[in-house]
Amino acid sequence: MRENAVSRYGLAFEEVSLQAGVDFEHQAPKLDQKLAPIMPQIASMGAGVAVCDFDRDGWDDFYATNSAVGSQNRLYRNRHDGTFEDVAAKLGVADLNRQGSGASMGAVWGDYDNDGWDDLLIYKWGKPELWHNEAGKSFQNVTDKANLPRWVNANNAIWFDYDRDGKLDIFIGGYYREDIDLWNLKSTDIMPESFEYAQNGGRKYLLRGRGDGTFEDVTKQAGLESRRWALGAVAGDFRGTGYPDLVIANDYGITEFFANTKGHFQEIGRQVGIGFAPKSGMNACAGDVLNTGTQAIYISNITEPNILNQRNNLWVPREGLKAGNVRYDNLADNMGVGDGGWSFGAVFGDFNNDGAQDLYCTNGFISADRQKTYWYDYSKITGANTAIIRDAKNWPAMNGNSLSGFQTKRLWLNDSLGSFKEVAQNIGVTDKFDGRAAVTADLWNRGTLDLIVANQEGPLLIYKNSVTPEHKWIQFDLRGQGSNRDAIGAAVTLFWDGKKQLQTITGGEGFCAQKMHRLHFGLGKTAKLEKAIVRWPSGAVQTVTNLKTNAINSITEAGKAAPVSTGGKQSV
Amino acid sequence: MISETAVPNTTNAKAPSVAVETVPKTRKFDQRYVAPIIVTCLLIASQSQFGVLNLKFTLSAIFTAIVCEIVLSKITTGKFPHLASAYISGISVGILIHTQFFWPFMVCAAISITSKYVLRWQGRHLWNPSNFGICAMLILAHENTATLMQQWDNRNYAIYLIWLVGAFTIYRLKRFHICATYIAAFLFYAFVRARFSPLGLMGGESLLNAFWAEAGPITGPMYQLFIFFMITDPKTTVGTKRGQMIVAFAVATMEMLIRTLANNAGAFADTNFYSFIINLGIHAPYFSLFLAGPLANVLEIAGRKAAIKIVVVESPSTVSAA
């Protein structure tokens, strides 16, 4: 089957987590017993994964979050031999779900002090924690010094440099209100006031990094105030102004587009077209799906046949607008990526190295009783008045029923001409767990994008990718100098064979996820590389021409491209 | 389904076609345009505020409904029909159906209009056209069709808007007794379902919570639309005030049966039947009207026939005069 898939689609996946020594199983938090009748719905998130080469050995490692009290987070270090070892406990970042401290929801890596080592931010339903990377040998808890919020019920956080001062800042998006301790409820009035326009969720935090390990809350003065129910966020220079804009996918509401003008944000979702129709936004990620040098934004929602037909959104920017202007059209169904089921995390990546950005989307909300569904009970509450739905006690008990569970995953291959084809079952992506976070990483430095999927109350899966050797690739490892050292926000436009494609380094995107730092471009069969234009967060623009295929090309800001060996077998 | 309300009957035996087809000679405003105007305003308000509709799909449904109306009217009566009824059938389909394809909108609109001409008895169509079309789609094309679980927000201002427009319409039609009967019956049945639910059996605050869960749907905007604009549809309700109240009660009773089945669907071992019941429950108001409405019409027509026979026996001259 694998050979057939490779010959037919150019790739095949094999789930290898146990062979790779990864036996992580997510455990959901157990919250206040007042929520017991609908506990599966409330405690339905927390499986996150973030990729980083934390020890700078040239091989991607990853961190996975757990959520039950006493459960351990894992930091899997790449052994370079196809296996991983959990070093979280040894390095001090395992026991983060202690009683009273909240439950981990996800994590993102970022070098906030530009010392060359990526530090670790864990966001929770609880107090966020910041751990300083001590040269890849241990982590030091610097939360108290950092001036992070006391408590945030967050399901997303990203690193980015919103003011382009060369120091990484933090965005944290609240879901439940920050005055709610889900383990010790004072009231059950915690639910959304509306299924479509709820604005009683958690507040947002924009924490400006000073570069010394301390952060300043600048949310209000930066204009980033919102109380929508944030689940996904992605930053990028979507308007071509040089400053990173911020797109937030909100549950129970519209997607927000915060335009960044020299460090000040303004919500313009309606004007740009994406903030109009309310849905159940879970994920926000960006990819150049048409090889136009611009990025489309993918927002995942809920689609359940016969019941709820929200469809996922693929917001594709119109061409020909002036710099600073952007306008999006939802082409998800036109291009074939509208139906993702009860979708959660999604990630773009050229999985078959054919030169076009493909899309993986995981899904499935609650898999319990295979025969019984909660949808009828859910329909009663979704249509009710705000006074009823905002009190969790009025929600019908789940009684072990499933809610869009056991769903098949989606992997859409992009023909680069505006059409995607769903092939997940054909290429080996066959699990039906309740997927949450999804990331890409070249775990074995083979020039292929592997998939890591974190499942709620399920195993963390590693899908090892086998790609046809006919297809070439190139990767970029960027390091900032005037910009933040991680080069988060840097955009590379690669030109080859008359094509071009844009990719951006992000400090987290999707749903509770951060994909690998290196940028991976598939090139197809006959790759004549022309150039790569790098737009650094500082504003500097660098054109690189001496590029090498089937290799990791390291580029340092204001320096020349210098292909170097970084440990990968095929690197040069 | 929403918008057939207040449109004078063009195919109903209760309103002679001669009277309906006569174009008013004065410049007096044609009352048949009131309902389309109201529904169009609601649609525009919804679209500008919520943006939940795909206008291309809605327009395709309206277009299909109008074309079907013209063609079928020409075939069956040879006359060019008044298009208000078809327009609002199309707009109803556009509002209530949710799918990413064009064809369900067009098929649903075509079924709705065709049902008016085909499913008739004693010169009167039995089903609310768009209600019939939507239920047909939910059963026959369920993989590609959904109704809107969510629309118009859950907050109060949407309810205020609907009540404002609805009250105006119902005041004109003098049909608030239908709304009141349905609301009272729904709340009573919600209490009954809550009382015998596991939570309700605990009594006290739990009973109240169980009641709110069962009564939840009627407190949202979608049901306000249903109450004001669907069950009051003059073309598919019976003639007398008392009869109309009985029909409203019957619709609520049918919904009670459906919801009770759905609440207890776990007792059915057959997965297909279980799914069918859940499907009925999720779309309970549509199916309750689908089942109760025609039944009431049939009973009324049958009753009238029986009454006419009695009158014929007693006084043939009276009948011919009528």
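Visitor: Among contacts in chain B between residues at least 6 apart in sequence, what percentage join residues at least 24 apart?
Guide: This is a predicted model, where local features need pLDDT of at least 70, side-chain atom pairs count only at pLDDT 80 or more, and totals for chains, interfaces and linings use all residues. Residues are numbered from 1 along each chain as its sequence is written, while chains are lettered from A and ligands numbered from 1 in the order in which they are written. Two residues are in contact if their C-beta atoms, placed from the backbone, lie within 7 Å. Among contacts in chain B with partners at least 6 apart in sequence, the percentage joining residues at least 24 apart is 73%.

Visitor: And what percentage of the residues of chain B count as buried?
Guide: Chain B has 14 helices and four strands; these are DSSP runs numbered from the N terminus, with helices being H or I of at least four residues and strands E of at least two. A residue is buried if 20 or more other C-beta atoms (placed from the backbone) lie within 10 Å of its own, exposed if 12 or fewer, and partly exposed in between. Of the 322 residues of chain B, the buried ones make up 47%.

Visitor: What is the radius of gyration of chain A?
Guide: Chain A has eight helices and 41 strands. The globule rule (2.2 Å times the number of residues to the power 0.38, with the radius taken over C-alpha atoms) gives 25 Å for 572 residues, and the model comes close to that, so chain A is as compact as a globular protein of that length. Its C-alpha atoms fill a box of roughly 65 × 50 × 50 Å along the principal axes. The radius of gyration itself is 22 Å.

Visitor: Over which residues of chain A is the pLDDT below 50?
Guide: Chain A averages a pLDDT (the predictor's confidence in each residue, from 0 to 100) of 95, and 98% of the residues score at least 70. One stretch has 37 contacts beyond near neighbours in sequence, yet its pLDDT is below 50. Where pLDDT is low, the predicted coordinates should not be read in detail. The stretch in question is residues 560-572 of chain A.

Visitor: Which helix of chain B gives the most to the side that touches chain A?
Guide: The contact takes 34 residues from chain B and 35 residues from chain A. On the chain B side, the elements giving two or more residues are helix 9 (204-215), helix 10 and helix 12 (271-282). The helix that gives the most, with six residues, is helix 12 of chain B.

Visitor: Within what arc do the buried residues of helix 7 of chain B fall?
Guide: Helix 7 of chain B has Ala158(B), Ile159(B), Ile162(B), Gly166(B) and Ile170(B) as its buried residues. Seen down the axis, they line one face of the helix, because the arc, taken over the directions from the helix axis to the C-beta atoms, is 85°.

Visitor: Which helices of chain B do the buried residues of helix 7 pack against?
Guide: On the other side of helix 7 of chain B, Tyr157(B), Tyr160(B), Leu164(B) and Tyr171(B) are exposed. The buried residues of helix 7 pack against two helices of chain B, namely helix 8 (176-195) and helix 10 (221-230).

Visitor: How far apart are the end C-alpha atoms of helix 8 of chain B?
Guide: Buried residues in helix 8 of chain B include Tyr182(B), Phe186(B) and Arg193(B), and the buried set packs against helix 9, helix 10 and helix 11 (241-263) of chain B. The expected span of a helix is 1.5 Å times one less than its number of residues. For the 20 residues of helix 8 the expected and modelled spans agree, with the end C-alpha atoms apart by 28 Å.

Visitor: Which residues is Lys393(A) in contact with, leaving aside its neighbours within four places in sequence?
Guide: Lys393(A) sits in the loop between helix 8 (386-389) and strand 27 (401-402) of chain A. With 21 C-beta neighbours inside 10 Å, Lys393(A) counts as buried. Beyond those sequence neighbours, the contacts of Lys393(A) are Thr188(A) and Asn209(B).

Visitor: Does Cys512(A) count as buried or exposed?
Guide: Cys512(A) lies in the loop between strand 35 (499-504) and strand 36 (513-514) of chain A, and its phi is near 50°, a positive value in a residue other than glycine. Because there are 33 C-beta neighbours inside 10 Å, Cys512(A) counts as buried.
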